[in-house]
2 protein chains.
Amino acid sequence: MKISCAKTDLMIGINISMKAVSAKNTLPILECIMIEAMSTGIKLTSNDTELGIETYVEGEVITPGKIAIDAKLFSDIIRKLPNSDVMIETDENNQILIRCERAKFNIPGKSGEDFVYLPELQNTKMVTLSQFSLKEVIRQTIFSISDNENNKLMSGELFEITGNHLKVVSLDGHRISIRNVELKESYESTKVVVPGKTLNEIMKILTGGVEDEVKIHFSSNHIMFEFENTKVVSRLLEGDYYKIDQMLTNDYSTKIVINRQEFLDCIDRSTLLIRESDKKPIIININNSNLYMKINSSIGQMDEEIEIIKEGKDLMIGFNPRFLMDALRVIDNENISIYMVNETSPCIIKDAEGAYVYLILPVNIHAANR
Amino acid sequence: MKISCAKTDLMIGINISMKAVSAKNTLPILECIMIEAMSTGIKLTSNDTELGIETYVEGEVITPGKIAIDAKLFSDIIRKLPNSDVMIETDENNQILIRCERAKFNIPGKSGEDFVYLPELQNTKMVTLSQFSLKEVIRQTIFSISDNENNKLMSGELFEITGNHLKVVSLDGHRISIRNVELKESYESTKVVVPGKTLNEIMKILTGGVEDEVKIHFSSNHIMFEFENTKVVSRLLEGDYYKIDQMLTNDYSTKIVINRQEFLDCIDRSTLLIRESDKKPIIININNSNLYMKINSSIGQMDEEIEIIKEGKDLMIGFNPRFLMDALRVIDNENISIYMVNETSPCIIKDAEGAYVYLILPVNIHAANR
């Protein structure tokens with residue numbers, strides 16, 4: 001194999017590939033990137049068996065061939081080369097010669113006979129959306145997946161397509177995050193649970209342009225994201241996702257409209273007086289046209305008032321401050337509406353258009369204050 | 001006490017003060033910032049007994065007084081307040097009320113009777129230089145102080161003033177870094193050793209303008225840096241600093257002129273093939289108009305040639321790559337001159353003007369290759 005490509009192009013490809021390289025694995029081949037020089041171009045493949053990535057790098061194939069190369073060492077070497085053309089050449093003993101200007105590296109490669117390529121997806125359904133939208137819906141929901149290994153399904157997100165509508169849901173037993181996106185066309189209905197790790201990596205790889213599209217292919221076991229020169233394939237999580245519709249009531253007895261940033265900053269300040277280990281809730285007092293927050297801890301006291309527009313009853317309710325902040329941080333609106341029933345029922349933060357719904361369970365104030 | 005000041009001004013003062021706050025100390029007062037509201041203004045003082053800082057904050061003194069306040073909590077609260085005026089008020093029980101817009105914090109303070117103020121310096125000598133110069137000479141030498149607790153003097157830097165000339169020296173037993181600065185005026189001669197920690201903190205506090213001056217006062221036990229609204233006082237290290245002049249020979253049998261960045265990048269690349277634990281030197285082969293570097297390790301091989309201008313004999317010599325890189329990184333010149341005698345004598349990197357001298361001991365290649 002002999003190829004030549006610009007250092008910067010190669011580095012982009014390597015950075016994408018690295019997202020699917022096993023860190024420390026009992027199978028050394030999973031720590032490798034497979035380079036294939038073919039008539040169709042230079043392809044890098046990496047696969048940690050959960051997540052697999054194929055990406056093409058611009059460059060010239062001088063002699064076709066393939067080689068598996070330790071991903072970390074390869075990435076380190078290329079990154080430290082001068083900003084110039086890189087020549088990669090292998091011999092019959094799988095020794096790899098990397099040249100760039102007057103620097104020459106000689107490192108061992110592997111034939112890669114035991115390399116695990118990406119699975120071919122059968123009977124797929126497909127939707128198209130902008131990279132920007134996909135990146136946004138992930139960012140706005142990924143924080144409420146669970147890292148609890150006992151609830152595998154909670155470690156992923158539901159992607160549900162109905163007609164021209166994509167719904168993305170994550171939940172961790174204390175809260176639910178939902179984002180709804182209108183698609184440009186209607187598609188065949190489908191419903192899958194995508195691992196959180198996959199979505200985290202996809203979010204990093206996507207450049208995120210509004211004009212740049214990403215095609216999502218679904219099979220019964222896999223999901224594939226296809227964009228620009230790259231394909232990312234991941235296993236799906238098996239099982240029926242949680243039924244959440246019955247929790248999303250439209251009934252409320254208190255509705256407030258509040259400035260999102262003011263509320264977020266106020267909660268953020270209040271947490272200064274709460275030791276992480278205390279797990280104390282913040283207590284919010286809704287009283288006519290004010291939301292009143294008061295913290296009284298061993299560190300000190302804090303109180304603050306925020307003007308609100310209130311509909312319905314006054315209410316005192318306690319929350320884990322982190323859960324509120326996580327949701328407030330990812331909403332773009334200047335003002336938000338919060339719907340509450342009573343001090344023991346979940347509050348719901350949602351917009352009129354139904355683009356987002358964040359449901360958060362309150363903390364029992366009386367138990368917490370005991 | 002009752003004061004009012006802009007959040008941003010207060011935050012600047014707190015950030016400076018924090019550099020002399022003890023992290024975890026058996027004396028809780030050392031974890032505090034002392035706020036003094038006086039006719040001369042609002043003064044913040046912090047002192048971890050090695051390093052002490054006094055800084056004035058713009059603002060209004062409504063009622064004079066003083067209070068000691070936990071530095072970390074104070075800093076966290078002020079940082080998270082809205083960008084507006086902050087009012088700080090104490091009562092007779094040393095309770096502190098901090099108000100900003102509609103946020104109110106109530107935290108306990110200390111009378112600070114046991115607070116350790118900055119020492120008054122007696123019989124001082126003084127020099128003036130630009131903040132930029134001071135910051136630069138520290139940055140360009142601080143990397144070669146030693147963290148070996150047995151050689152206390154090596155953990156500091158020599159500041160030596162002779163006439164209108166400031167010399168700053170650091171050494172760790174393997175290398176010496178020297179920077180020389182011309183001062184605008186002549187001063188009384190003096191010679192002190194300043195703790196490395198102090199210099200690291202000073203470097204962070206100085207804004208670094210070429211036009212901004214810093215006055216340095218020396219007493220027999222202390223050094224004080226005075227600039228803008230701030231005074232930083234530190235103990236000096238006691239003892240006679242190492243005599244280095246006899247090591248700085250002007251004799252050489254090989255002199256090379258090399259592009260600094262090319263040499264630095266080449267060494268940087270070569271370290272990829274050296275495991276930290278191996279402590280292998282890089283071997284440099286100077287041969288006519290080329291510097292030739294070759295690495296052969298269990299990870300792989302690398303070789304590279306750099307064009308040089310050579311004077312004198314060919315030479316093969318080994319170095320700890322980190323020592324070379326540390327020096328090359330802080331030199332500003334495009335091309336540098338390196339002077340060598342033989343494979344066992346130190347190499348010296350210096351400029352014609354004598355602004356900098358970096359001496360680095362070589363590694364015995366034969367011992368290393370055994």
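In this predicted model, helices α5(B) and α6(B) run roughly antiparallel to each other, because their angle of about 150 degrees is over the 145 that counts as antiparallel. Helix α5 covers residues 260-270 of chain B and α6 covers residues 321-330, and their axes sit 10 Å apart. As α5(B) passes α6(B), the crossing is left-handed. So who meets whom here? On the α5(B) side it's Arg260(B), Phe263(B), Leu264(B), Ile267(B), Asp268(B) and Ser270(B), and across from them in α6(B) come Pro321(B), Leu324(B), Met325(B), Leu328(B) and Arg329(B). Sorted by type, the residues of this contact come out as 7 nonpolar, 1 polar and 3 charged.

Now for the two chains together. A turn of 180 degrees, with a shift of 0.0 Å along the axis, lays chain B on chain A with an RMSD of 0.0 Å. The two copies are thus related as by a two-fold rotation axis. In chain B, the C-alpha nearest that axis belongs to Lys204(B), and it's 16 Å away. Both copies use the same surface, with 100% of the contact residues of chain B recurring in chain A.

Where the chains touch, 24 residues of chain B are in contact with 24 residues of chain A. On the chain B side, the elements giving two or more residues are α2 (71-80), β9 (103-108), α5 and β19 (301-307). Of these, β9(B) chips in the most, with 6 residues. This side of chain B splits into 11 nonpolar, 3 polar and 10 charged residues. Strand β9(B) also pairs with β19 of chain A (residues 301-307), in the antiparallel sense and over 4 bridges. There, Lys104(B) in β9(B) has Asp303(A) standing opposite.

Definitions and conventions. Residues numbered from 1 in each chain as written. Chains lettered and ligands numbered in written order. Predicted model: local features only at pLDDT ≥ 70, side-chain atom pairs only at ≥ 80, totals over all residues. Axes fitted to C-alpha atoms, helices over the stretch in contact; angles between N-to-C directions. Parallel < 35°, antiparallel > 145°, perpendicular 65-115°, else oblique. Left-handed = near helix turned anticlockwise from the far one by under 90°. Contact = placed C-beta atoms within 7 Å. Nonpolar A, V, L, I, M, F, W, Y, C, P; charged D, E, K, R; others polar. Least-squares fit on C-alpha atoms with pLDDT ≥ 70 in both. Pairing = 2+ DSSP bridges.
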